[in-house]
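Thanks for coming, everyone. I'd like to walk you through one structure today. Let's bring it up on the screen.

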Amino acid sequence: MSIEQSSGLGPVGGDAVGLLGRSADLEFFAELRRRPANGGTGTAVLLEGPAGVGKTALLEAAADGARAAGFQVLRFAGVESEVTLAYSGLHQLLFGMRDGFDRLPPGQRAVLEGVLGSPVAQAPPERFAASVAVLEALRRTAEDGPVLVVIDDVQWLDRTSGDVLEFVARRLSGLPVDLLVAGRTGHAHALDRHGLLRRRVEPLERRSAAALLRAAHPGLAPHACERLLQEAAGNPLALLELPALLTREQFTGAAPLPLSLPVDDRLEALFAPRLRELPAATLELLLVAALEGTGGLRTIWAAYPGGMEEADAALPAAEEAGLVRVDARAGRLEFRHPLVRSAVVRTCRPGQRRAAHRALAEALERDPERRIGHLVAASLGPEEHLAADLEEAGHAALGRGSAALAVTALRRAAELSPEPAERSRRLAHAAYAAAQSGALDVTAILVDDGYWERASPQDTARATLARVYALLETDGDATAAHRLLTGVIDKLLAAGTDGAGTGGARTGGAEQEPSPAAVREVVGELQFLLTLVAFYAQRADLWPEVLERCQDAPDQVRLYCLAFDAPQERAPEVRQRIRRAFAALPPDAGPRPVTQLSMLSVYFDEASEYREHWMRAARRAREGGTFVQWSYGTILLGHEAFFAGRFTEAEALAREGLATAEELGHRLAGFRLASQLALVAAVRGDAETVGTLTRTVLAWSEPRRLGLLQVSARQARALLALGQGDYETAYRDCALVSPPGTLPPLNPRAIWSVYDLVEASVYTGRTAEARAHVTMARSAGLGELSPRLALLTHAAAALAGPVETAEAGFRRALAVADVHAPFDRARVQLAFGRWLRAHGRDPEAAREHLTAALHTLEELGAAPWAAAAGTELAALTPPAEPGPLDTEGLLTPQELQIADLAATGLSNKEIGARLYISPRTVSTHLYNIFPKLGIRSRAALRDALGAQARAEYGGEYVEYVDRPVI
């Protein structure tokens with residue numbers, strides 16, 4: 001299927017014709033077809049809407065549907081260049097009907113041949129004669145089946161053809177002929193005088209518009225997508241055309257979109273006719289308003305050459321043309337459609353645009369960032385003062401998380417730099433911003449620009465940061481990244497020791513040494529990235545070099561070193577320092593420091609406490625096109641959702657992030673997100689997905705010695721094996737993540753696997769290993785980090801400990817308050833209920849915990865664990881003695897309904913939806929049903945119900961769907 005077929009501009013193929021977001025229109029057409037097809041009267045309908053809204057696509061869909069329903073379809077369109085030619089439109093219609101002219105009386109045939117310009121015709125026919133002849137031709141054609149006449153662009157139909165068709169439209173009563181006409185809103189035409197049934201074609205609503213944009217232009221940066229949705233305002237033509245006019249950098253998010261979007265000839269044609277009719281002064285005013293962007297009247301009046309008085313005189317012509325409106329109370333001038341703004345800019349000459357930008361720059365003297373944008377647009381050559389202003393704006397944008405805007409500002413600053421050294425310094429900053437934005441292709445261009453022979457060590461360091469980000473994300477080469485970073489840190493520290501050779505910023509052409517704070521800033525960024533590389537690699541041989549170079553690092557880097565160096569010894573201290581660091585963040589902190597702290601907090605189980613910080617940082621990073629921070633934030637939010645049992649949300653976050661990572665070529669981020677998907681699939685028991693994802697992750701990460709990805713994949717495999725009861729496989733994977741009794745350096749994720757390892761050890765008879773791991777967890781104070789880890793630590797101790805203390809240990813675990821981790825709690829309840837049953841303790845307590853676990857696990861979709869809980873519950877009740885069913889024990893009517901539905905394979909949630917009861921109530925009923933029928937699982941329901949049907953009804957089992965509702 002083509003993009004056009006899946007959009008708001010074309011039919012969705014096959015017999016079921018459909019258009020994205022147009023279901024109501026298609027149903028209208030279907031109803032229209034039913035009347036003449038069933039012997040009813042024909043109807044004349046006028047579709048009205050603005051240019052590009054999809055009227056032609058709807059006509060095509062209506063025509064396709066009519067053909068499929070047995071209609072004869074006759075179609076033509078008005079042509080602007082033929083609007084003055086008599087009968088030019090009718091000529092198109094009759095040309096398709098000419099083979100049936102022999103059915104007509106000779107006089108009417110001659111009239112129609114005259115319209116067609118036949119050589120035997122003496123002159124064009126008189127209008128009335130032509131009208132009668134066309135009506136008769138349609139009537140004769142309809143004898144072979146209903147007819148649909150489709151007319152597009154009726155506003156360009158010549159007057160004589162319009163008069164004839166108006167005559168025909170008035171006389172469709174009794175004929176199986178439909179007339180479907182489409183025309184632009186606001187354009188007069190002959191058929192507009194007739195009382196046609198009017199149907200307005202509206203712009204696509206946002207959801208359909210977004211779906212069309214994604215389908216037509218995969219890979220479009222999220223913030224660019226948002227802007228285009230605003231600009232297109234639901235116009236399908238604009239949604240298809242606008243992205244194709246963007247540069248590669250704008251499309252991928254490496255550069256921001258311009259204030260006024262480019263338009264091509266097709267889009268300009270939507271508004272050009274009205275723009276061409278405007279007075280020059282009005283068009284000049286619209287240009288200033290279009291470039292100003294916000295609609296603020298005060299700024300527009302200040303920038304317009306004649307001021308407010310002359311602007312007031314020029315404005316009415318644009319209002320009368322329906323191009324703008326003024327909201328006097330809000331002090332705003334608004335374009336009636338966002339594309340008008342772009343069309344205005346395209347209509348004016350480059351010199352006019354530069355003059356308008358200069359005027360706006362003067363009017364925005366007190367708004368530096370907006371002023372700089374207009375100065376850049378008005379500039380033609382190098383200018384150091386402007387370059388310095390742009391550089392300052394670029395750094396401010398990067399600090400706010402607007403990496404895409406920073407790239408544009410810093411690249412333009414470099415282009416406007418008269419001195420090569422300044423150019424290379426600004427390019428280095430631009431390269432770093434490009435790496436943060438995720439535009440790895442732009443990063444590569446900038447770091448290979450050829451200006452680095454003049455670069456200072458500090459500039460080289462900036463470029464190295466960009467190079468390492470690109471190297472990690474594309475190749476996953478942690479060894480090369482480590483070597484590059486340690487080398488440049490050593491050089492920069494050596495150069496900065498005596499203040500020589502560091503290069504510097506320029507102000508007014510005079511070179512200055514960089515401030516110590518500037519040197520510390522770039523060194524701190526290098527040190528942070530160095531610790532991150534070590535974390536990805538999880539290689540003990542690289543770690544001493546990291547610690548050596550981070551002795552005087554910023555607090556946040558040292559916190560990372562502390563967390564990675566010995567997680568089992570310092571976990572509580574790290575947690576406290578994370579809290580203090582979050583409290584010390586300024587209210588306007590950008591995404592980077594928030595994300596850096598958040599990465600640690602999730603590994604030390606502080607996920608839920610800082611979720612709002614993460615969400616805000618991820619949103620700002622996304623809006624600003626800072627993909628690196630956005631991808632980190634997406635991973636963190638996915639982990640938080642996973643631990644909180646919101647598996648569908650975790651999956652959606654991972655899939656969205658993975659799609660974007662693949663589009664931008666960020667392989668490392670993509671594999672991290674794939675591991676996250678594998679975790680969700682493991683909980684659901686989807687062995688095929690887990691196997692596919694983990695094999696892919698391991699195949700890429702093992703040759704590169706990327707320990708983090710290997711740990712992620714093995715945790716997913718272990719979780720799947722635990723759910724399947726394959727404890728030996730689970731133990732092998734858990735032991736590779738964290739050998740019994742240890743939490744390896746550089747691997748705080750091993751904290752997540754503590755309970756998994758203990759459970760796998762106990763059920764494979766490795767009691768000593770289980771107890772060693774519990775001892776380690778207790779000595780590390782893991783149970784003090786969070787309620788979730790307290791629950792799991794107590795449960796692990798109960799599972800691994802002696803029989804006489806186990807029951808108290810499980811109860812202590814389940815008594816932990818504020819545990820917002822339903823999956824983990826249900827696993828502990830399952831383990832406790834299993835233990836109680838296995839040791840013959842308190843069957844009612846066992847039933848209570850297993851039932852609660854079953855409810856939760858079914859609601860979460862954790863199918864393997866739910867099945868295990870169901871099996872344990874069934875084992876608590878001995879099977880019924882064989883023999884005929886006791887009629888005293890037959891199911892109640894509601895139990896029978898539930899059992900019937902469960903036998904067909906429906907889940908508890910689906911059964912509850914049908915019967916208007918909760919899934920928990922369904923589960924409780926099934927718990928009562930199983931012993932009544934003498935079975936232990938859902939799989940046995942069908943046979944058991946068949947036996948009951950024979951006992952109760954004397955016949956065979958009939959599924960619930962065929963029974964009356966009781």
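Let's start with a salt bridge. Arg811 pairs with Glu807, and their closest N and O atoms are 3.0 Å apart. One thing to keep in mind as you look: this is a predicted model.

Where do these two partners sit? Both are in helix H39, residues 803–814. They are 4 residues apart, so about one helical turn separates Arg811 from Glu807. Arg811 is partly exposed, with a relative accessible area of 36%.

Stay with H39 for a moment. H39 has 12 residues. From first C-alpha to last, H39 reaches 18 Å, close to the 16 Å expected at 1.5 Å a residue. Which residues of H39 are buried? They are Ala806, Gly809, Phe810, Ala813 and Leu814. Around the axis these buried residues cover an arc of only 125 degrees, which puts them on the same side of H39. And what do the buried residues of H39 pack against? Three helices: H38 (787–800), H40 (822–838) and H41 (843–860).

Back to salt bridges. How many are there in the model? The count comes to 40. I'll show you two others.

The next one is Glu422 with Arg426. Here the closest N and O atoms are 3.6 Å apart. Both residues belong to helix H20, residues 420–437. Again the spacing is 4 residues, so the partners are about one helical turn apart. Buried or exposed? Glu422 and Arg426 are both buried.

Now Glu545 and Arg549. Their side chains meet in a salt bridge at 4.0 Å, N to O. Both lie in helix H25, residues 543–549, 4 residues apart, about one turn of the helix. The two ends are not alike in exposure. Glu545 is partly exposed, at 33% relative accessible area. Arg549 has a relative accessible area of 16%, and since buried means under 20%, Arg549 counts as buried.

Next topic: aromatic rings. The structure holds 16 aromatic pairs. How do we describe such a pair? By the distance of the centres and the angle of the planes.

Take Phe643 and Trp752. Their ring centres are 5.0 Å apart and their planes stand at 80 degrees, so this pair is edge-to-face. The two rings come from distant parts of the chain, 109 residues apart. Phe643 is in helix H30, residues 627–643. Trp752 is in the loop between helix H35 (727–737) and helix H36 (754–763). Both rings belong to buried residues: Phe643 at 12% relative accessibility, and Trp752 with a relative accessible area of 11%.

Now look at Phe671 and Trp700. Stacked or edge-to-face? The centres of these rings are 4.6 Å apart and the planes are at 25 degrees, so the pair is stacked. This pair also links distant parts of the chain, 29 residues apart. Phe671 sits in helix H32, residues 667–684, while Trp700 sits in helix H33, residues 687–704. Phe671 is buried, with a relative accessible area of 13%. Trp700 is buried too, at 5%.

Rings can also gather in a group. Phe528, Phe535, Tyr536, Trp543, Tyr560 and Phe564 form one aromatic cluster.

And rings can have a charge over them. Arg171 lies over the face of Phe167, at 3.7 Å from the ring centre. Arg199 does so with Phe28, at 4.6 Å from the ring centre.

One last stop: helix H45, residues 919–933. H45 has 15 residues and reaches 21 Å from its first C-alpha to its last. That is close to the 21 Å expected at 1.5 Å a residue. Which residues of H45 are buried? Val922, Ser923, His925, Leu926, Ile929, Phe930 and Leu933. Why do we say that they line one face of the helix? Seen down the axis of H45, these buried residues fall within an arc of 165 degrees, so one face is what they line. And what comes just after H45? Gly934, which takes a positive phi of about 75 degrees.

That's the tour. Happy to go back to any of these sites.

Note on methods:
Residues are numbered from 1 along each chain as its sequence is written. This is a predicted model: local features need pLDDT of at least 70, side-chain atom pairs count only at pLDDT 80 or more; totals for chains, interfaces and linings use all residues. Side-chain values use heavy atoms; hydrogens and water are left out. Helices (H or I, at least four residues) and strands (E, at least two) are DSSP runs, numbered from the N terminus. The expected span of a helix is 1.5 Å times one less than its number of residues. Buried means under 20% relative accessible area, exposed over 50%, partly exposed in between (1.4 Å probe, protein chains only). The arc is that of the directions from the helix axis to the C-beta atoms. Contact means heavy atoms within 4.5 Å. Rings of Phe, Tyr and Trp (its six-membered ring) pair if their centres lie within 6.5 Å; planes under 30 degrees apart count as stacked, over 60 as edge-to-face and the rest as tilted. A charge sits over a ring if NZ of Lys or CZ of Arg is within 6 Å of the ring centre and within 35 degrees of the ring normal.
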